[in-house]
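Student: I'm new to this one and don't know where to start. Could you pick a single part, look at it closely with me, and then show me what surrounds it?

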Amino acid sequence: MNRNMDNNTLQPEKKLNQSILKIRAWSFDYLLKPSTLGVLVLFGLLVVVLFLPPVIGMADDGSTAAIILGSNLYNLGELDPKETQAFFQKDWGIMEYFNDNGNTQITSQTPFLNAAKNLDIAYTWDWLFDIRFYGAVIALFYLIAMYFLFETVTYGKRSKWAYVIVGLGVIIFGDTAYSAWINSFYPQALSFILVIILGSSLILMGQEKLNDYLLLGCFFLSALLLCLLNQQYALLGLFLGILGINLKYVDKKKHYQRICVICGSLLILSSLAAFFIMPNGLTKLSTYHSMTRGVLMTANNPEQALEEFSINPQYAVLTGTSYYQAISPETMDSQEMETAFFSKVNPTGVAIYYLANPGQLYEMLNRSVDSSFNIRPAWLGNYEITQGDPPGTQTSFFTLWSYIKANYLPGNFGFITIWMGVLIGVYVRFFRKGIIEKNERNTLRFVGLMTWLFIGLWELYVAIITSGDTDTLGHLFIFSLTFDLISFVILGKFIHWLEKQLRKVDWEARKQAFKNRNKDKKKNQEQRGYRL
Amino acid sequence: MNVFDYLMLINIFLIWSLLFVNIVLIVAGYVYYLKVEKEPPPEIIGEHPFVSIMVPAHNEGVVIVKTVTALLAFDYPWDRYEIIVINDNSSDNSAELLKEIQDTNPSRNLTVINTDNITGGKGKSNALNIGYQQAKGEFIAIYDADNTPEHKALRYLAAELKADDSLGAVIGKFRTRNKEVNLLTRFINIETLSFQWMAQAGRWQLMKLCTIPGTNFILRRTIIEAIGGWDEKAVAEDTEISFRIYLMGYKIKFQPKAVTWEQEPQTLGVWFRQRTRWVKGNVYVLIKNIGYLVDKDAKKIRFDIFYFLSTYFLLLTALVVSDIIFFMNMAGLVSTTIQGFSNLLWFTAFIMFILGVFIALTTEKGEMTVSNFFIIALMYFTYCQMWIIVTVYGVFQYLKDRIKKQDSKWYKTERFQG
Amino acid sequence: MKQSILILIVLALLVLPMSIIYGEDAGDKETISTTTEVLLIYDQLAADTVYRDNLNTVETLLSALSRTAERSSIDDYRAGQMSGYQKVIILKNTENAINNPAFIADCQNYSGALLYIGFVAPGLIPSLDSVPISRQMGRTVSVNMNGLAGNSIWIDDLRVVDERPGPGETTIGVGTSAYPFSKTLDRLTYVPTLISDPGFALGLGEILKDWFGLATAAHMTLLIPDIYPFSDLNMVIETSNAFYASGIPFALGVVPIDDNMDFPAMARFYQVLRYVQSRNGTIIVHRPSPVTVSDGNAVLSEKMYAVITKMVENGVYPLGLATGESLFFDKVSNVSPLNLFSSGVILPDPGITEPGSKETWALSSASLGISLETIERTSSQNRNFGNYPINTTIVMPLPENEAALAAQLGVINNKWLSLTDYKRLNNYWTIGQNTITSSASGIRVNGLPVSLSYDEEPIEADYRYQKPPEYSLEKIFTAGNTFLLTVVGIIIVLFIVIVVFSRRVYLNKFRKIAHNEEKNEPVKTSPEQEDNTP
């Protein structure tokens with residue numbers, strides 16, 4: 001009897017031990033993998049920053065009104081106009097009744113908004129929308145994107161240095177300057193995720209990790225969502241589509257090639273459609289800035305520049321002014337300014353002007369790079385008004401990277417050019433080798449980085465064209481992001497290479513040689529000959 | 001005016017002065033060309049001096065046969081010259097190939113010395129010393145293993161050296177055999193042509209001083225005896241020997257009619273390693289002989305040392321520093337306030353440079369073409385910048401070796417079939 | 001004896017007008033009272049009704065008459081407030097009951113002058129209850145005063161004093177009948193209906209003027225507002241010319257912009273303003289929009305000082321201020337130096353119904369802005385238009401083209417308006433180093449008279465917008481540059497010669513070799529060879 005009992009009690013114990021061992025092994029395999037570990041740390045960070053009080057987010061400046069209306073959300077108007085930019089609003093309203101506001105906009109942000117709204121309604125049965133639901137939806141995809149990113153730099157390995165790289169990644173991309181955007185309606189957070197997934201899927205395809213079709217799907221899906229985010233991103237979809245079609249060279253499988261071509265063409269078509277259908281998204285203010293804080297500010301003779309746009313040269317007195325420094329909102333909205341000034345300025349015209357005046361373009365690029373290195377616009381506050389902070393306070397919790405970037409990196413375009421030169425110089429070898437050896441897959445690593453670079457530079461140029469150096473539309477964010485991404489991936493590769501080199505070194509032998517160095521000196525001096 | 005301004009001033013001054021010096025050399029070189037064209041080729045008066053031709057070779061199986069064949073075909077009395085091939089620690093089939101040639105030409109003075117890694121494998125200088133031990137001639141001629149000299153090359157060289165006792169050595173011209181292969185070889189072709197006509201011919205015309213290029217040259221045995229052989233430590237043993245010859249009071253003449261064709265690197269990697277080696281070697285020679293710069297008795301080589309110094313250190317340093325300042329300026333880390341010269345001036349200087357080099361090209365058949373003109377222009381932006389990198393890297397290598405007290409390895413330039 | 005008396009009389013006659021003028025000056029220079037004169041109490045803003053702008057209208061009129069007021073809603077009324085004032089205005093926009101017993105009590109005990117506007121609250125003011133009021137729904141009415149008949153408007157809910165109007169009184173015309181606009185009973189004045197129509201506003205203006213006992217004659221001026229440096233300056237010039245030709249004095253409202261004041265564009269603007277001055281136009285500055293002034297009055301005063309100093313330097317003399325009503329609700333210390341203007345035009349300011357501060361300050365002399373349409377729709381019994389009871393300024397936007405200019409000019413001329421030249425009124429202000437006064441004898445800056453004549457050249461656009469960076473060693477480098485250019489030029493020419501020459505040598509040599517076998521003959525070269533060696 002006792003023995004039976006012993007057996008029975010022993011078996012469960014043994015089984016428990018075995019399961020514990022299995023769990024430990026599994027968790028070691030998956031959880032402690034650097035990429036997963038990084039994601040888990042980020043998860044914790046996000047929870048603390050975004051969901052627990054004091055809740056951090058970005059103050060809304062009203063530019064997203066049309067988009068949130070498209071999901072039947074509206075601004076509760078708890079803050080008065082001067083305060084809306086200084087404080088973050090956590091609570092928004094869900095429209096109970098029919099949304100008869102004609103000013104709605106549907107973009108790729110809408111499904112995310114709707115998902116969050118439904119979550120909120122399911123969770124709390126009221127007509128209040130807590131923006132943290134939306135933040136949660138975005139944060140989920142954010143973590144997925146970061147997982148992709150970490151995978152590209154760690155090559156899935158578990159060496160010491162992989163943890164170091166992932167740690168750096170957490171510091172850079174978990175910086176509150178980036179994560180604060182998650183708790184806001186701006187398209188920045190979504191574009192953050194999409195751009196990362198875009199490039200990472202290309203690089204991962206080049207590294208031959210994860211399923212090709214999965215990665216292809218990720219690439220095309222994120223490209224599609226990106227170009228439907230905003231009219232400015234729509235043109236990007238064109239280039240991404242062409243890239244997508246060219247992906248067909250990477251693999252010989254017919255299925256693969258067909259997918260590439262079809263999806264690529266779809267992407268091109270939808271981006272063209274989006275470009276023409278989507279509303280402009282340009283505000284009067286940004287058009288104003290594109291001239292006064294752009295073309296006119298850098299021109300040698302603003303009156304001449306104005307004449308090139310067929311604008312009354314007397315508008316030169318507005319050179320260098322921003323926002324409502326010189327003229328009131330009423331004047332800016334007046335019919336007179338509309339006919340005499342605004343109707344003659346459009347992004348295409350400004351773009352052409354800059355191409356014809358590269359010196360001015362260079363100066364603008366310098367300014368934009370400088371301001372883009374401050375990832376958050378300085379005038380949008382992070383805290384809720386209930387926290388009692390002075391208006392416009394920005395959080396400094398976990399902002400090491402954004403602090404370094406804003407204050408210590410040289411913020412001008414010359415630096416970016418050198419940095420670009422280094423990047424291309426280092427990586428173009430792979431590209432060439434890949435093309436020569438007809439192993440196009442190898443080129444994907446370079447292509448992925450180049451995609452990021454292209455997107456970043458494109459957004460930089462678009463920012464200058466549409467809003468001078470004030471970036472009222474938030475394009476510089478993408479440039480800042482791609483800069484960080486590319487530097488991060490290269491840094492990862494460098495650390496990896498360093499680790500390989502260090503592994504080759506025979507530390508013991510070197511130590512011995514160093515200790516014995518004085519012993520051979522005398523012997524060497526005695527030898528004759530042409531030695532130094 | 002901050003420190004960068006002063007640096008830039010110095011740079012500008014250096015670059016422009018060296019530019020003018022080189023212009024003068026180009027013109028002098030062209031004058032010499034015209035002079036040589038007018039003269040008849042040198043003839044040997046009296047008895048043909050016995051010449052020992054030494055060919056140091058290390059794993060040269062690909063090219064050695066062609067080279068030796070060309071050497072055997074010299075228009076020179078067969079019994080008045082010998083060929084000594086030092087097959088230095090080769091791991092390929094050079095030995096068999098050479099044996100085969102020996103067997104097919106039993107009546108010729110063709111000696112093959114095969115060494116292993118104990119007796120040999122210590123570099124070109126060491127190989128030459130080994131070969132020298134067996135050389136009988138009163139003149140020593142050196143050819144690299146990848147050279148195919150022309151028929152009369154040896155004759156002209158020997159004739160020149162015999163005719164003038166004040167000469168310690170006579171150097172010939174070398175051309176690029178594989179100049180059509182790709183853009184890099186075209187660059188090298190132009191470089192060698194302009195360098196020879198400018199540096200060698202020009203300097204001979206103005207100062208009666210040339211530098212031995214390491215191949216296709218002939219020198220008196222007495223000189224080798226006097227200096228005790230080649231400096232085994234020197235990677236650039238040719239420059240080293242030149243200095244020794246000057247110091248002994250001899251001159252080195254440039255005879256462009258003695259031509260050899262050699263194979264130049266075809267890929268960037270090989271080119272880079274070869275040039276870095278040259279730079280490293282020349283830096284060594286320079287450092288070793290720098291004391292002579294202030295030595296009163298060394299008047300002759302003072303300019304040469306100074307010229308080398310200025311080319312390697314001053315000019316390239318000036319270019320490197322101005323490049324660095326340019327980049328720092330771009331990145332906003334530094335600002336220079338000096339006016340500098342106008343873009344027009346730099347552009348005209350650029351045109352002047354192209355024209356100068358082009359003049360050197362007109363001396364060779366088939367080189368005075370429009371495409372070469374544009375290749376020179378392209379060279380300025382690409383090839384010359386690469387030279388800057390080579391110099392920096394070469395100096396760096398030199399310093400590294402110095403610090404580590406390592407032996408300089410004899411890295412061999414890879415050969416290509418052709 | 002007779003002679004000396006005559007002389008004395010003549011002298012007196014000479015001196016008297018001057019003293020009158022001086023007296024007028026002194027009289028006009030009514031000090032800005034630091035104590036508020038009027039308590040304005042209203043029941044509700046009534047934002048959903050037609051009475052929503054009543055408070056605004058009353059406040060604007062008070063400022064136009066240079067009166068200061070304290071404002072309070074009935075709910076906020078504290079006991080005893082009324083006793084501190086000699087004049088009280090009660091504005092009742094709704095028929096809601098009053099819930100403040102203190103207010104009711106004080107009302108009934110108030111012994112000062114009381115102006116009651118709007119709906120009657122039964123029992124609030126005893127004497128008011130006895131006034132016969134006729135309430136008519138849905139009428140077309142017009143306000144008539146001084147022989148000027150205002151535009152007819154539709155009123156849903158009209159209350160009028162059911163009596164016959166006295167002669168010369170302002171009346172409300174309803175169809176063929178006429179009712180008095182207001183009724184005065186002892187110290188109580190009652191205005192039954194008020195809406196934000198210009199006619200009603202002017203009618204109330206007259207009431208107020210009498211109520212305050214202001215005797216000064218009213219004048220009418222013309223203002224073209226909102227002129228920026230980038231407005232259609234050609235039209236400004238044309239309008240000036242047209243008005244000058246028609247003998248119409250006018251004022252130009254310039255918006256102060258303190259950016260880029262050195263630019264040629266700004267200089268051209270000043271030039272146009274000088275031209276305007278020479279064509280009998282007066283320059284007035286607008287209050288800078290609060291949005292363009294980031295914070296604090298320090299920035300405002302800097303801006304105004306900068307702008308006006310620059311203007312005066314350039315011969316442009318602003319004589320008044322054009323502003324909305326909300327300015328007067330800001331503390332005087334906050335709006336300095338705008339309060340230093342002696343005169344101003346109060347433009348319609350739709351934004352305010354309940355601005356921050358409860359107390360106002362006032363300019364020495366102000367006028368109410370009215371639109372050109374109001375003038376157009378007002379018909380006069382006489383050929384001459386006549387005068388409104390209070391100072392008014394016709395606000396006429398800059399015509400867009402010559403056709404519009406002609407139309408507007410037509411309106412003005414056809415109405416036979418008698419417009420006053422702004423600069424002939426007595427204006428003064430001191431800002432920074434400059435004191436400007438204007439009077440019938442002209443404009444004086446710091447005591448010295450200035451000329452307004454214009455004869456100038458157009459401005460060259462030869463302005464250095466960006467200072468080129470200074471370079472050191474400029475001379476050496478420029479000299480060296482030229483020197484080297486010549487040297488390099490010579491060398492290039494030399495090289496080209498050599499190249500051309502060498503082509504010949506090249507062709508000779510290689511053609512010869514191509515044709516000949518390997519001969520060692522010397523190449524025949526042309527004799528010019530020798531000369532080309534440098």
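Tutor: Sure, and one yardstick comes up right away: a residue is called buried when its relative accessible area is under 20%, exposed when that area is over 50%, and partly exposed in between. Keep in mind as well that this is a predicted model.

Let's take L498(A) as the starting point. L498(A) sits in helix α22 of chain A. Its relative accessibility is 30%, so L498(A) counts as partly exposed. Now look at the company it keeps. Together with L491(A), F494(A), W497(A), L502(A) and W507(A), L498(A) makes up a nonpolar patch on the surface. The accessible area of the patch adds up to about 570 Å². Which element gives the most to this patch? That's helix α22, running over residues 476-504 of chain A, and its share is five residues.

Zoom out to the chain that carries the patch. Chain A has 532 residues, and 51% of them are buried. You'll find 24 helices in it, along with three strands. Its accessible surface is about 25500 Å², with 62% of that belonging to carbon and sulfur atoms. If you take the contacts in chain A between residues at least 6 apart in sequence, 78% of them link residues at least 24 apart.

Chain B makes a handy companion to look at. Here there are 13 helices and eight strands. Of its 418 residues, 57% count as buried, and its accessible surface comes to about 17000 Å². For contacts between residues at least 6 apart in chain B, the share joining residues at least 24 apart is 82%. One residue to click on is N59(B), in the loop between β1 (51-57) and α2 (61-72) of chain B. Its phi is near 55 degrees, a positive value in a residue that isn't glycine. With a relative accessible area of 23%, N59(B) is partly exposed.

Chain C has a loop residue of that sort too. D186(C) lies in the loop between β10 (183-185) and β11 (188-191) of chain C, and its phi is near 60 degrees, again positive in a residue other than glycine. D186(C) has 73% relative accessibility, which means that it counts as exposed.

For something tucked away, go to S438(C), part of strand β21 (residues 434-439) of chain C. S438(C) is buried, because its relative accessibility is 3%. A polar atom of its side chain lies 3.1 Å from the backbone oxygen of K423(C), and a polar atom of that side chain is 3.0 Å from the backbone oxygen of L425(C). Setting aside neighbours within four places in sequence, S438(C) also touches other residues, among them L319(C), N426(C), N427(C) and I443(C).

Last, a word about confidence. Chain C has a mean pLDDT of 79, and 83% of its residues reach 70 or more. Among its elements, strand β13 (residues 250-254) has the highest mean, 91, while helix α1 (residues 2-28) has the lowest, 48. Over residues 15-33 of chain C the pLDDT is below 50, and the model gives this stretch 13 contacts beyond near neighbours in sequence. Residues 517-534 of chain C also stay under 50, with 18 contacts beyond four places in sequence.

Note on methods. Residues numbered from 1 in each chain as written. Chains lettered and ligands numbered in written order. Predicted model: local features only at pLDDT ≥ 70, side-chain atom pairs only at ≥ 80, totals over all residues. Heavy atoms only, no water. Helix = DSSP H or I, 4+ residues; strand = E, 2+ residues; numbered from the N terminus. Buried < 20%, exposed > 50% of the residue type's maximum accessible area, 1.4 Å probe, protein only. Polar contact = N/O pair within 3.5 Å; in protein donor to acceptor, adjacent residues only side chain to side chain. Contact = heavy atoms within 4.5 Å. Patch = residues over 30% accessible without salt bridge, like charges linked within 9 Å, V, L, I, M, F, W, Y side chains within 5 Å. Areas by Shrake-Rupley, 256 points an atom, 1.4 Å probe, with all protein chains shown as cover. Salt bridge = Lys/Arg side-chain N within 4 Å of Asp/Glu carboxyl O. pLDDT = per-residue confidence, 0-100.
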